[in-house]
Amino acid sequence: MTNTSTYPNTDIPPTYGNWKTFFLVPQNVIVTGGAGYIGSHIIYTLLKTHKYKVISIDNYHNSFPAALARVSELALSELKASLPLNTEPSERDLDSITIDIHETDLLLNPSGVRSIFSSYLSTNGIWGVIHLSAYKAVGESSSIPLTYYANNVSATISLLQIMQEFRCYRLIYSSSATVYGAVEEVPIKETTERQIEGRIQVNGEREGSVYGRTKVMCELIVEDLCESSALAGSPTPFQAISLRYFNPAGAHPSGYIGEHPRGRPENLLPLLAHMAVGTVKDPVLKVFGNDYPTPDGTCVRDYLHILDLAAGHVIALQALEEGSELNKTIFPGDTTESGSTITMETGDKGMKRGTKFKAYNLGKGHGMSVLQIVGAMKTATGFDYKTEVVGRRRGDVPELVANPALAQAELGFNAPLDLETMCRDLWNWQEKNPTGYE
Ligand SMILES: NC(=O)c1ccc[n+]([C@@H]2O[C@H](COP(=O)([O-])OP(=O)(O)OC[C@H]3O[C@@H](n4cnc5c(N)ncnc54)[C@H](O)[C@@H]3O)[C@@H](O)[C@H]2O)c1
């Protein structure tokens with residue numbers, strides 16, 4: 001059994017024998033895209049807090065219902081292990097680790113999403129939403145742009161409309177480092193301008209990708225919503241945190257949950273894991289360009305462990321709790337301007353109120369090149385990868401490394417798990433589940 005003591009600890013002890021938490025009503029939180037790679041690890045992490053009623057919405061376009069079943073089993077075994085000997089979990093403890101699972105398409109079935117919101121009205125309604133569902137293949141996005149704009153942008157607008165209808169005012173938005181496009185300065189701060197238009201490069205291609213633009217558009221839409229609600233002097237203004245992920249990697253150390261995209265894996269680390277386990281039979285790994293202005297010429301990315309990323313979501317959710325110290329820290333009120341928080345004079349009675357929108361980078365702050373990643377996976381798997389350098393790939397940018405200082409200072413976010421742990425956990429998952437959840 002892997003020693004998990006170094007993994008992020010977001011546990012709140014189970015309610016057993018604790019009358020203070022016993023009477024607390026769990027907050028209903030929807031996770032869209034809950035069965036996906038990131039969603040399943042976030043749900044696992046949320047369940048460990050015993051503080052939320054987790055509701056997953058997914059259409060399984062790129063995931064499997066089995067991921068959620070595995071998350072439940074993992075949470076149950078950890079709950080049982082945390083109780084005194086010969087003690088059975090209470091009904092409430094069991095409820096706190098039970099996921100409400102809805103197979104619904106966020107884009108095509110808004111009435112289905114509405115009914116889900118409606119069904120929680122009698123239990124305090126939906127407290128907040130973590131919105132992850134999206135298509136994410138950078139290359140594909142430029143071939144089928146309308147599909148990406150519809151599924152990523154239109155579905156987000158529809159979700160926001162439904163949230164407003166049901167007076168649900170707290171959102172964590174799943175954004176990406178791709179919003180920055182090709183940057184001139186690394187590590188990247190949140191104040192770096194987001195790239196929506198994309199400069200034309202020497203080869204005539206536009207920088208960035210449709211996928212990246214969908215993320216910028218969604219951020220802008222969410223920001224506008226927060227601003228309008230603040231301007232209107234709403235007593236419960238819409239609050240949102242956009243988390244700009246760098247490169248999540250790895251899996252839960254048990255090897256019980258991990259990444260299983262439908263079809264061929266797009267991202268480098270899962271591709272390497274599939275090559276090592278034999279489910280991708282490519283004789284060589286194609287390296288897209290070795291003439292970038294980076295130390296070894298290959299693209300550099302900032303990898304962080306999936307459980308560190310998931311823990312960041314739990315903190316962000318806590319930061320949306322009005323009256324909490326974290327909430328006061330990230331939305332300091334009337335006059336301060338920091339990060340992406342915009343403040344303004346507004347409201348009747350001349351009240352000042354800040355727009356409650358904030359963006360944070362979630363990354364480690366260290367970059368790894370493609371060749372370094374191949375080396376780390378070789379150590380973890382023992383597989384002898386052959387590489388072949390081919391031309392640059394459309395939409396790729398040379399270097400994306402986070403400056404995570406704002407998330408560290410304001411949220412207390414940290415990503416301590418190292419590349420070796422990410423590769424070991426990824427390989428543990430892949431080796432135990434060569435065909436993923438199937
Ligand atoms: N994985 C990364 O490297 C990375 C990096 C930065 C940002 N992100 C963002 O994080 C989020 C989650 O990414 P992931 O890696 O877990 O991807 P994923 O594909 O594993 O998860 C996305 C989930 O959303 C679901 N989904 C898609 N469209 C849907 C719809 N219309 N209705 C209902 N469900 C739908 C999919 O079935 C899938 O389960 C995405 O928004 C992605 O853009 C991911």
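Biologist: Quick one to start: by class, how many nonpolar, polar and charged residues are in the shell around the ligand?

Modeller: The shell has 13 nonpolar, 13 polar and 3 charged residues. Keep in mind that this is a predicted model.

Biologist: Noted. Which residues are the closest to the ligand?

Modeller: Gly33, Gly36, Ile38, Ser63 and Ala134 are the closest, out of 29 residues that surround the ligand.

Biologist: And which element gives the largest share of that shell?

Modeller: That would be α2, with 3 residues. At least two residues each come from α2 (37-49), β2 (52-58), α7 (145-165), β5 (170-176) and β7 (247-249).

Biologist: Let's stay with β2. Is it mostly covered or open?

Modeller: Mostly covered: 7 of its 7 residues are buried.

Biologist: Which residues sit on which side of β2?

Modeller: Tyr52, Val54, Ser56 and Asp58 are on one side, with Lys53, Ile55 and Ile57 on the other, and both faces are covered. That split follows a general pattern: in a regular strand, side chains alternate between the two faces of the sheet.

Biologist: OK, and what is the sense of the pairing between β1 and β2, parallel or antiparallel?

Modeller: Parallel, over 6 bridges, with β1 covering residues 27-32. The chain gets from β1 to β2 by way of α2, and that β-α-β crossover is right-handed. If you want a pair to look at, Val31 has Ser56 in β2 as its bridge partner.

Biologist: Which way does β2 pair with β3, parallel or antiparallel?

Modeller: Parallel again: β2 and β3 (residues 100-103) are joined over 4 bridges. There, Asp58 has Glu103 in β3 as its bridge partner.

Biologist: Changing topic: what is the strand order in the open sheet with mixed pairing?

Modeller: The order is β14-β9-β16, so to speak a sheet of 3 strands. β14 (368-369) and β16 (399-400) are the edge strands, each pairing on one side only. β9 (residues 300-301) runs antiparallel to β14, and 2 bridges join them. Arg301 stands opposite Met368 in β14.

Biologist: Now the backbone oddities. Where is Pro187 found, and what is the peptide bond leading into it, cis or trans?

Modeller: Pro187 is in the loop between β5 and α8 (210-231). The bond from Val186 to Pro187 is cis, with omega near -5°. In general, most peptide bonds are trans, and most residues other than glycine have a negative phi.

Biologist: Speaking of phi, what is the value for His50?

Modeller: About 55°, so positive, although His50 is not a glycine. His50 lies in the loop between α2 and β2.

Biologist: Why does His50 count as buried?

Modeller: Because His50 has 24 C-beta neighbours inside 10 Å, and the cut-off for buried is 20 or more.

Biologist: What about Asn124, what is its phi near?

Modeller: Near 75°, a positive value in another residue other than glycine. Asn124 is in the loop between α5 (110-119) and β4 (126-131). With 12 C-beta neighbours inside 10 Å, Asn124 counts as exposed.

Biologist: Last bit, the whole chain. How many helices and strands are there?

Modeller: The protein chain has 14 helices and 16 strands. Its C-alpha trace spans about 60 × 60 × 40 Å along the principal axes.

Biologist: And what radius of gyration does the chain have?

Modeller: 21 Å, which agrees with the value near 22 Å that a compact globule of 438 residues would have. Buried residues make up 46% of the chain.

Note on methods. Residues numbered from 1 in each chain as written. Predicted model: local features only at pLDDT ≥ 70, side-chain atom pairs only at ≥ 80, totals over all residues. Rg over C-alpha atoms; globule rule 2.2 N^0.38 Å. Near = placed C-beta within 6 Å. Nonpolar A, V, L, I, M, F, W, Y, C, P; charged D, E, K, R; others polar. Pairing = 2+ DSSP bridges. Right-handed = clockwise from strand over helix to strand, strands pointing away.
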